Amino acid sequence: MVKLTEEMKAAFSSVRVFPVATASKDGIPNVVPIGFCMLVGDDTIWIADNFMKKSLANLRENPKAAIYVWGPETKGCFQIKGDVSIVTEGEDFQKMREIVLAKMSQAPAKSLIVVAITEVFSCTPGPGAGDRIPMMGQ
């Protein structure tokens, strides 16, 4: 796994809505805005499945995701790619449910999408746009 830098973690914490992309096993893409996307370590992100249909189906077929981190508060932007596991029980699932329900009591919090970060790419305009950012663990 790859660990985010302190600057990346600060940028991540300033974003409120994250575009999250998935693709089916046949490569049909889907991207959705996700409000509950939480960095739980240097190398792990939690996403709450409240209303996912196509994304969840894609992740079951092809357990990979890309998360775009950008906003007026960030200094530049980057894309995180990772391997996904879907969790529907256990301690981490219950912890996610508690956090989600405290913020939005009517959210279903059906499953926890755990993203293990594998790569990070720059998307800041300029000559380095699209380049893989060398990270710890790579």
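**Salt bridges in a predicted model**

Biologist: In this predicted model, is arginine 132 buried, partly exposed or exposed?

Modeller: Arginine 132 has a relative accessibility of 44%. Buried would require under 20%, and exposed over 50%. Because 44% lies in between, arginine 132 counts as partly exposed.

Biologist: Which residue forms a salt bridge with arginine 132?

Modeller: The closest N and O atoms of this pair are 3.7 Å apart. The bridge links distant parts of the chain, since arginine 132 is in the segment after β7 and its partner is in strand β7, 13 residues apart. With a relative accessibility of 23%, that partly exposed partner is glutamate 119.

Biologist: Which residues are joined into one network by salt bridges that share partners?

Modeller: Glutamate 6 forms a salt bridge with lysine 9, at 2.7 Å between the closest N and O atoms. The side chain of lysine 9 also meets that of aspartate 42 in a salt bridge, at 2.6 Å from N to O. The network therefore consists of Glu6, Lys9 and Asp42.

Biologist: How many residues apart in sequence are the parts that lysine 9 and aspartate 42 tie together?

Modeller: The side chains of these residues meet in a salt bridge. Lysine 9 lies in helix α1, whereas aspartate 42 lies in the loop between β3 and β4, so the parts tied together are separated in sequence by 33 residues.

Biologist: Is lysine 9 buried or exposed?

Modeller: The relative accessible area of lysine 9 is 17%. A residue is buried if this value is under 20%. Lysine 9 is therefore buried.

Methods. Residues are numbered from 1 along each chain as its sequence is written. This is a predicted model: local features need pLDDT of at least 70, side-chain atom pairs count only at pLDDT 80 or more; totals for chains, interfaces and linings use all residues. Side-chain values use heavy atoms; hydrogens and water are left out. A salt bridge is a side-chain nitrogen of Lys or Arg within 4 Å of a carboxyl oxygen of Asp or Glu. Buried means under 20% relative accessible area, exposed over 50%, partly exposed in between (1.4 Å probe, protein chains only). Helices (H or I, at least four residues) and strands (E, at least two) are DSSP runs, numbered from the N terminus.
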